[in-house]
Amino acid sequence: MLKLTAADLRNLPAETLAVPVCEEASIHPRGPVASLVRRALGYEEFTGKSGNELHLYDPPRCSMRRVIVLGIGPKDKVDAEALRRFAGKAVKTAIEWRLESLCLEAPSPQKLGLDTRTLLKALMEGACLANHIYDRFKSDPKKKPLQTICFRTSPGAAEAFSALPETVQTVCEAACLAREWVSDPSNEKTPALLAAAVKKRAESAGLRVEVQEEETLKKNKMGALLAVAAGSENPPAMVLLDYAPKNPEKTVALVGKGITFDTGGYNLKPSNSLDGMKADMAGAAAVAGTLLAAARLKPKIRLVAALPMVENMVSGAATRPGDIVSAYTGKTVEIGNTDAEGRLVLADAMAYMIDRYRPDMILDMATLTGACLVALGEKIAGVFSRDDRLAEVVLAAGEETHERCWRLPLPDDYKELLESKFADIRNIGTSRWGGAIAAALFLSEFVGETPWVHIDIAGPAYIKKGGDYCGPGGTGFGVRLLWEVLGRLRS
Ligand code: BES
Ligand code: ZN
Ligand code: ZN
């Protein structure tokens, strides 16, 4: 649990205090913390360099028993992300030490040139996200999350931002749940199992939930989605979530790619590329997390979400390259490559959402292309939209949350790459190049005139090695981003 406090060091509600320190500049107001910092800097081995760590024990005139002093580098380089990382490292150290609680000292916003809300929010996010441990399948879990994390700040700030801990915690917990779904192994998250897990959470959060099973999907003529599902023994399912406040300002539809495992189908992936394909439902996990956060924080926007869950497998019943199927919109699609399955599933889910809810805008999030990974690497998502204002909102939200996004183009003349000799469209481009763009252009053919943004999270959805505030596995990327996007759409 996160808490703000203005307690002085003689009455701190934790036995351990973590203090951020900059090289060659003070970032704390004069007083007892500044003296602790001076003491730390008196040791040759501690300079405040980023990653530098020093432990002090039983400081005089303080109630706490330990102080973790952590270097965060030169002051002019300290931004919100540096504070998230500081908080994350402090929490990870405390978890290593098997502590139950930790207090983090907030530096002075004035001295860092940051606004107080940004500063406190960053500390809380880093701490809350780092306090998540994925150990569902360990028989003998070694680490335990901290029970309480408090943030020490000025009495004025503690009062002004008293509601912040709960908001941050709600969004970060949703991100951690998304992480867990992504990290879960595919044998434990078949479409039916994942749909049931999401349904359970969504119902207890008070969302309207509908799970469409194979029969309904067939009845609704979702031919593109069903073509992907054809090769699996585990039938597909589509979860629909609806957060409907009274008199909403607008309706936003969110769609997340939910491929519970992507073998590639008959265009089978090579061994190395199969690794990590359990994470091919990270878009669905992020969208589900966002709706769970919304159900608790109650924004004035109606949110409708579709999570198409499908396993892309090989069998005698699987779709073949060259097959032609009919999508929900009636468009015929030639399957040029069975590994380009995400766009098929999304095309049907998005068209269905537009038909059913007539949203003011639609946003999809998907681990869509390896090409996006090649273009932007493992930490940055690709953003595609014909609507400049919407794209700007997403990019700005990416800056704010450090779930970084980069806009890529949707050039009309590249559409000819998707031309099919036999059907209305083909699911892959004829060129080896520009794969992320070809995929986005394919999607654009199924959203009509509805303002739309596509976010390709193939890179940042999953990490093999953990970071300062994220363990290895699913990252929960997208939940904080989407929540921030929704906040910016309202204002
Ligand atoms: N799920 C993959 C994309 C992906 C790759 C996500 C690596 C995360 C990490 C997607 O379904 C896929 O296989 N895309 C193909 C498309 C190609 C066949 C046109 C790709 O990117 O190679
Ligand atoms: Zn694929
Ligand atoms: Zn895929």
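These are my notes on ligand 1 and the pocket that holds it, taken from a predicted model.

**Entry 1: the shell.** I began with the residues around ligand 1 and found 17 of them. The closest are Lys269, Asp280, Asp339, Glu341 and Gly370. I sorted the shell by class and got 7 charged, 6 nonpolar and 4 polar residues. I then checked which element gives the most to this shell; helix 13, residues 370-376, does, with 3 residues.

**Entry 2: polar contacts.** I looked up distances from oxygen atoms of ligand 1. For Gly370 the partner is a polar backbone atom, at 2.6 Å. For Asp339 the partner is an N or O atom of the side chain, at 2.7 Å. Asp262 also uses a polar side-chain atom, at 2.9 Å from a ligand oxygen. I noted the area next: ligand 1 taken alone exposes 520 Å², and the protein buries 76% of that.

**Entry 3: the pocket.** I asked where ligand 1 sits, and the place is the largest pocket. I have its volume as about 950 Å³. I listed 38 lining residues; nearest the centre of the pocket are Lys269, Leu368, Thr369, Gly370 and Ala371. The elements giving two or more residues to this lining are helix 10 (271-274), helix 12 (342-357), helix 13, helix 15 (435-444) and strand 19 (462-463). Helix 13 has the largest share here, 3 residues. By class I wrote down 14 nonpolar, 13 polar and 11 charged residues for the lining.

**Entry 4: cross-check.** I compared the two lists of names. Lys269 and Gly370 are among the closest residues to ligand 1, and both are also among those nearest the pocket centre.

Definitions and conventions: Residues are numbered from 1 along each chain as its sequence is written. Chains are lettered from A and ligands numbered from 1 in the order in which they are written. This is a predicted model: local features need pLDDT of at least 70, side-chain atom pairs count only at pLDDT 80 or more; totals for chains, interfaces and linings use all residues. Side-chain values use heavy atoms; hydrogens and water are left out. A residue is near a molecule or strand if one of its heavy atoms lies within 4 Å of it. A polar contact is a pair of N or O atoms within 3.5 Å; within protein, one must be able to donate a hydrogen and the other to accept it, and residues adjacent in sequence count only if both atoms are side-chain atoms. Accessible areas come from the Shrake-Rupley method with a 1.4 Å probe; for residues, only the protein chains shown count as cover. On a 1 Å grid over the protein atoms alone, a cavity is a set of points where a 1.4 Å probe fits but cannot get out, and a pocket is an open set with protein on both sides within 12 Å along at least five of seven lines; lining residues have an atom within 4 Å of a point. A molecule sits in a cavity or pocket if more than half of its atoms lie within 2 Å of its grid points. Helices (H or I, at least four residues) and strands (E, at least two) are DSSP runs, numbered from the N terminus. Ala, Val, Leu, Ile, Met, Phe, Trp, Tyr, Cys and Pro count as nonpolar, Asp, Glu, Lys and Arg as charged, and the others, Gly among them, as polar. Grid points are joined across faces, edges and corners, and a volume is the space filled by probe spheres set on the points.
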